[in-house]
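Biologist: Could you walk me through this structure in plain terms? I am new to this, so please explain the words as you go.

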Amino acid sequence: MLKKTRLKQTILLSSWIILQACGGGGGDTSGGSNTQTDPDNTPDTYTVSASAGDGGSIDPEGEQTATHGDTLSYTITADAGYAINTVSGCDGTLSGDTYTTAAITSACSVTAEFALKTYTVTASAGEGGSIDPAGEQSATHGDTEVMAAV
């Protein structure tokens, strides 16, 4: 009887060691938004969210599903009077108006921010006159600048 019990313990211990060595037996307990590889060898997928602040848009906007290792591209468009300020997330890069993510390996978000354009207004008066204020002034898109010509 002692020999059978010892044999069962040895088999159980060996099975446990094999499962631990191959990473099996634990399942996903991370609670993340990705889908783990299943026995059919389906690749992991992740949710990638995209949003834009006031002054522009990102296309596509909202949530997309990406397969592990994919890269996604977004078109960033500033409204009239605005410029692209920053685009960040998913370790991507901005080139012109296209933002491309790095290889997707987890759920992530892309965010585009915009800023009002600023302009330099230079005021000068000709011979026999003056203007106030003279010289360069900074103006934000949509602002009204008042200058007095004398």
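Modeller: Let me begin with a term: buried means under 20% relative accessible area, exposed means over 50%, and partly exposed lies in between, using a 1.4 Å probe and protein chains only. By that rule threonine 101 is buried, because its relative accessible area is 4%. This is a predicted model, in which local features need pLDDT of at least 70 and side-chain atom pairs count only at pLDDT 80 or more, while totals for chains, interfaces and linings use all residues. Residues are numbered from 1 along each chain as its sequence is written, and side-chain values use heavy atoms, with hydrogens and water left out.

Biologist: Where is threonine 101 placed?

Modeller: Threonine 101 lies in the loop between S7 and S8, where the S labels are strands, and strands (E, at least two residues) and helices (H or I, at least four) are DSSP runs numbered from the N terminus.

Biologist: And what does the side chain of threonine 101 reach?

Modeller: It reaches the backbone nitrogen of leucine 72 at 2.9 Å. That is a polar contact, a pair of N or O atoms within 3.5 Å where, within protein, one must be able to donate a hydrogen and the other to accept it, and where residues adjacent in sequence count only if both atoms are side-chain atoms. If we use contact for heavy atoms within 4.5 Å, and leave aside neighbours within four places in sequence, the residues that threonine 101 touches include Tyr74, Cys90 and Val110.

Biologist: Cys90 is a cysteine, so how many disulfides does a search of the whole structure find?

Modeller: The search finds one disulfide, and the term means a pair of cysteine sulfur atoms within 2.5 Å. Cysteine 90 is joined to cysteine 108, with an S to S distance of 2.1 Å. The two are 18 residues apart and link distant parts of the chain, with cysteine 90 in the loop between strand S5 (82-88) and strand S6 (93-95), and cysteine 108 in strand S8 (residues 108-116).

Biologist: Are these two cysteines buried or exposed?

Modeller: Cysteine 90 counts as buried because its relative accessibility is 12%, and cysteine 108 counts as buried at 17%. The torsion about their S-S bond is about 105 degrees, so the disulfide is right-handed.

Biologist: Switching to sheets, what is the strand order in the one with mixed pairing?

Modeller: That open sheet of four strands has the order S3-S1-S8-S5, where two strands pair if DSSP finds at least two bridges between them. S3 and S5 stand at the edges with a single partner strand each, so one side of each has no neighbour in the sheet.

Biologist: Which way do the pairs run?

Modeller: Strand S1 (residues 45-52) and strand S3 (residues 62-67) run antiparallel and are joined by six bridges, whereas S1 and S8 pair in the parallel sense over five bridges. S5 and S8 run antiparallel with six bridges, and tyrosine 82 has leucine 116 in S8 as its bridge partner.

Biologist: What about the sheet with S2 in it?

Modeller: Its four strands form an open sheet in the order S2-S4-S7-S6, with antiparallel pairing. S6 is joined to strand S7 (residues 98-100) by three bridges, and serine 95 has threonine 98 in S7 as its bridge partner.

Biologist: Is glycine 96 buried or exposed?

Modeller: Glycine 96 is exposed, because its relative accessible area is 64%, and it is found in the loop between S6 and S7.
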